[in-house]
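Trainee: I would like to go through the labels used for this model and hear, for each one, how the value leads to the word.

Mentor: Then let us look at it together and begin with a term that we shall need straight away.

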Amino acid sequence: MLKLKIVSPERIEFTGEVESVKVPGTQGNFEILTDHAPIISSLQKGVVEYDGKQLEILGGFVAVQKNEVSICVEKDED
């Protein structure tokens, strides 16, 4: 399991345990699974997917270390 935390400037969007996370990296989409290598990557406009949920983002950053995934996103606030 992964510990996932997604934050935006406005609020904490999600925090909890998930099986996997798919993110729109600037070099292409990628999936993060348990025991993923440590990584820091920028994100482009797209969709973050986790546990059957989707979150549309304008961009941001993801950091992975020791099964903890931290995502800082910018969202379009309608």
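Mentor: Contact here means heavy atoms within 4.5 Å, and please keep in mind that this is a predicted model. By that rule serine 41, which is found in strand β5 (residues 39-43), touches Gly25, Phe30, Gly60, Phe61 and Val62, where residues up to four places away in sequence are not counted.

Trainee: Why is serine 41 called buried or exposed, whichever applies?

Mentor: The relative accessible area of serine 41 is 15%, and buried means under 20%, so serine 41 is classed as buried.

Trainee: What makes serine 8 count as buried?

Mentor: Serine 8 has a relative accessibility of 9%, and because the limit for buried is under 20%, serine 8 falls into that class. Its place is in the loop between β1 (2-7) and β2 (12-18), and, leaving out residues up to four places away in sequence, serine 8 touches Glu13 and Val73.

Trainee: How do you know that the side chains of serine 8 and glutamate 13 make a polar contact?

Mentor: The distance given for the two side chains is 2.7 Å, and a polar contact requires a pair of N or O atoms within 3.5 Å, so the pair qualifies.

Trainee: Why is the pair of phenylalanine 14 and tyrosine 50 described as tilted?

Mentor: The count comes to one aromatic pair. In this pair the ring centres of phenylalanine 14 and tyrosine 50 are 4.6 Å apart and the planes stand at 45 degrees; since stacked needs under 30 degrees and edge-to-face over 60, the pair is tilted. Phenylalanine 14 belongs to strand β2 and tyrosine 50 to strand β6, so the pair ties together parts that are 36 residues apart in sequence. Both phenylalanine 14 and tyrosine 50 are buried.

Trainee: How do you know that β6 pairs with strand β3 and with strand β7?

Mentor: Pairing asks for at least two bridges between two strands. Strand β3 (residues 21-25) and strand β6 (residues 46-50) run antiparallel and are joined by two bridges, while β6 and strand β7 (residues 53-57) pair in the antiparallel sense over five bridges, so the requirement is met in each case. Glutamate 49 in β6 is the bridge partner of lysine 22, and glutamate 49 also stands opposite glutamine 54 in β7.

Trainee: What lies between β6 and β7?

Mentor: The two strands form a hairpin with two residues between them, and aspartate 51 in the turn has a positive phi of about 45 degrees.

Note on methods:
Residues numbered from 1 in each chain as written. Predicted model: local features only at pLDDT ≥ 70, side-chain atom pairs only at ≥ 80, totals over all residues. Heavy atoms only, no water. Helix = DSSP H or I, 4+ residues; strand = E, 2+ residues; numbered from the N terminus. Buried < 20%, exposed > 50% of the residue type's maximum accessible area, 1.4 Å probe, protein only. Polar contact = N/O pair within 3.5 Å; in protein donor to acceptor, adjacent residues only side chain to side chain. Phe/Tyr/Trp six-rings, centres within 6.5 Å; stacked < 30°, edge-to-face > 60°.
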